[in-house]
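Trainee: I should like to take a close look at the salt bridges of this structure. Could you please guide me through them, with attention to where the partners lie and how accessible they are?

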Amino acid sequence: MRRYGKHTDEDDIRSRPNRKGNRPRTNIRPKHEDAAEGLVLTVDRGRLTCLVEDRVVMAMKARELGRKAAVVGDRVMLVGDLSGMKDTLARIVRIQERSSVLRRTADDDDPYERVVVANADQLAIVTALADPEPRPRLIDRCLVAAYDGGLDPLLVLTKSDLATPDELLELYGHLDIPYVVTSREELENGDAADRVREFLDGRITAFVGHSGVGKTTLVNALVPQERRRTTGHVNAVTGRGRHTTTSALALPLAGDGGWVIDTPGVRSFGLAHIDPSRVILAFPDLEPGTADCPRACSHDEPDCALDAWVAAGHADPARLYSLRRLLATRERTEGD
């Protein structure tokens with residue numbers, strides 16, 4: 001039934017009063033042209049610590065960003081109080097385009113991916129040679145995540161005073177990954193930090209590894225002015241350490257030497273989000289051989305053209321083996 005006649009005007013239309021007394025909503029959002037750029041250093045329960053020029057500023061995400069979350073390493077644009085004084089709060093209104101992302105899922109059946117770090121260009125995979133024992137499957141998974149996210153991998157092997165690195169280095173030798181071998185004594189006297197720093201200068205490096213391998217101890221040696229609590233304890237039954245680093249944190253190296261990002265210890269590294277076709281990009285010597293592969297080839301099946309390519313002498317067979325070992329890592333658990 002028509003409530004009003006054909007010829008109504010504004011005075012005939014009844015409107016509800018705005019009880020809250022605030023302005024009506026609009027889809028037009030402010031452009032924030034005066035926003036300042038900052039770097040996210042850490043995230044804690046919805047509060048983000050950002051570096052704006054030379055000031056540390058606390059911020060929260062603006063509602064207009066919706067579900068889009070900022071993570072450590074993100075370049076963001078902020079408005080509001082940027083003084084960095086106590087009890088002040090800025091707002092993050094934009095997240096800049098990312099150059100790389102390190103992602104993981106809780107397990108291989110979890111469809112929800114988590115961005116661990118943004119804009120890092122190197123992934124330092126820290127593993128102990130003993131106490132706890134090395135877990136090659138976890139290393140493989142970290143390598144796959146690095147290649148998929150656009151990060152260069154670096155192997156950091158600790159506790160060489162307890163076991164030799166030869167077997168592990170032989171396993172990854174054909175991947176041409178740079179590595180550093182350190183001992184507990186070198187971690188304590190600073191020699192390990194000096195050797196690792198040679199690979200970090202001018203780069204943003206994320207450190208990953210399971211608990212008890214000496215990751216945070218190494219980060220503390222690299223950035224002594226920002227010491228984080230270390231585990232120092234490995235369970236004698238499980239061979240695993242206790243988590244003590246609970247959130248990722250970006251720390252500047254001395255001078256203009258780059259950044260290190262310490263991340264919480266991981267016990268699993270799910271790869272449900274990984275597109276296997278991207279892993280081949282980390283093998284430029286094998287990639288041309290995929291031209292004759294069947295459509296949607298997994299590069300680990302009988303009809304894969306890479307077998308003939310390698311048999312013809314175009315690439316080292318060990319490289320193909322390494323590729324397929326990484327591609328198959330989703331079908332195996334980290335403890336295998």
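Mentor: The account below takes the salt bridges one pair at a time and then turns to two other sites. Please keep in mind that this is a predicted model.

As a general principle, side chains of opposite charge can pair when their charged atoms come close. A search of the whole structure finds 16 salt bridges. One of them joins Asp 74 and Arg 98, whose closest N and O atoms are 2.8 Å apart. Asp 74 sits in the loop between E3 and strand E4 (75-80), while Arg 98 sits in the loop between strand E5 (90-95) and strand E6 (101-105), so this pair ties together parts that are 24 residues apart in sequence. Asp 74 is buried because its relative accessibility is 0%, where buried means under 20%. Arg 98, at 27% relative accessibility, counts as partly exposed.

A second pair consists of Glu 113 and Arg 103, with 3.1 Å between the closest N and O atoms. Glu 113 belongs to strand E7 (residues 113-118) and Arg 103 to strand E6, so the salt bridge ties together parts that are 10 residues apart in sequence. Glu 113 is partly exposed, its relative accessible area being 31%. Arg 103, in turn, is buried, with a relative accessible area of 18%.

The third pair lies within a helix. Asp 194 forms a salt bridge with Arg 197, and the closest N and O atoms are 3.1 Å apart. Both residues are in helix H4 (residues 191-197); because they are three residues apart there, about one helical turn separates them. Asp 194 is partly exposed at 45% relative accessibility, and Arg 197 is partly exposed with a relative accessible area of 23%. Elsewhere, salt bridges that share partners join Glu 53, Asp 54 and Arg 55 into one network.

Two sites remain to be described. On the surface, Met 58, Met 60 and Leu 89 form a nonpolar patch with about 210 Å² of accessible area together. Met 58 is part of strand E3 (residues 55-61) and is partly exposed, with a relative accessible area of 34%. Thr 127, located in strand E8 (residues 122-128), is buried at 2% relative accessibility. Leaving aside residues up to four places away in sequence, Thr 127 touches several residues, among them Pro 134, Arg 135, Ile 139, Val 156 and Leu 168.

Methods
Residues are numbered from 1 along each chain as its sequence is written. This is a predicted model: local features need pLDDT of at least 70, side-chain atom pairs count only at pLDDT 80 or more; totals for chains, interfaces and linings use all residues. Side-chain values use heavy atoms; hydrogens and water are left out. Helices (H or I, at least four residues) and strands (E, at least two) are DSSP runs, numbered from the N terminus. Buried means under 20% relative accessible area, exposed over 50%, partly exposed in between (1.4 Å probe, protein chains only). Contact means heavy atoms within 4.5 Å. Patches are made of residues with over 30% relative accessible area and no salt bridge: like charges are joined within 9 Å, nonpolar side chains (Val, Leu, Ile, Met, Phe, Trp, Tyr) within 5 Å. Accessible areas come from the Shrake-Rupley method with a 1.4 Å probe; for residues, only the protein chains shown count as cover. A salt bridge is a side-chain nitrogen of Lys or Arg within 4 Å of a carboxyl oxygen of Asp or Glu.
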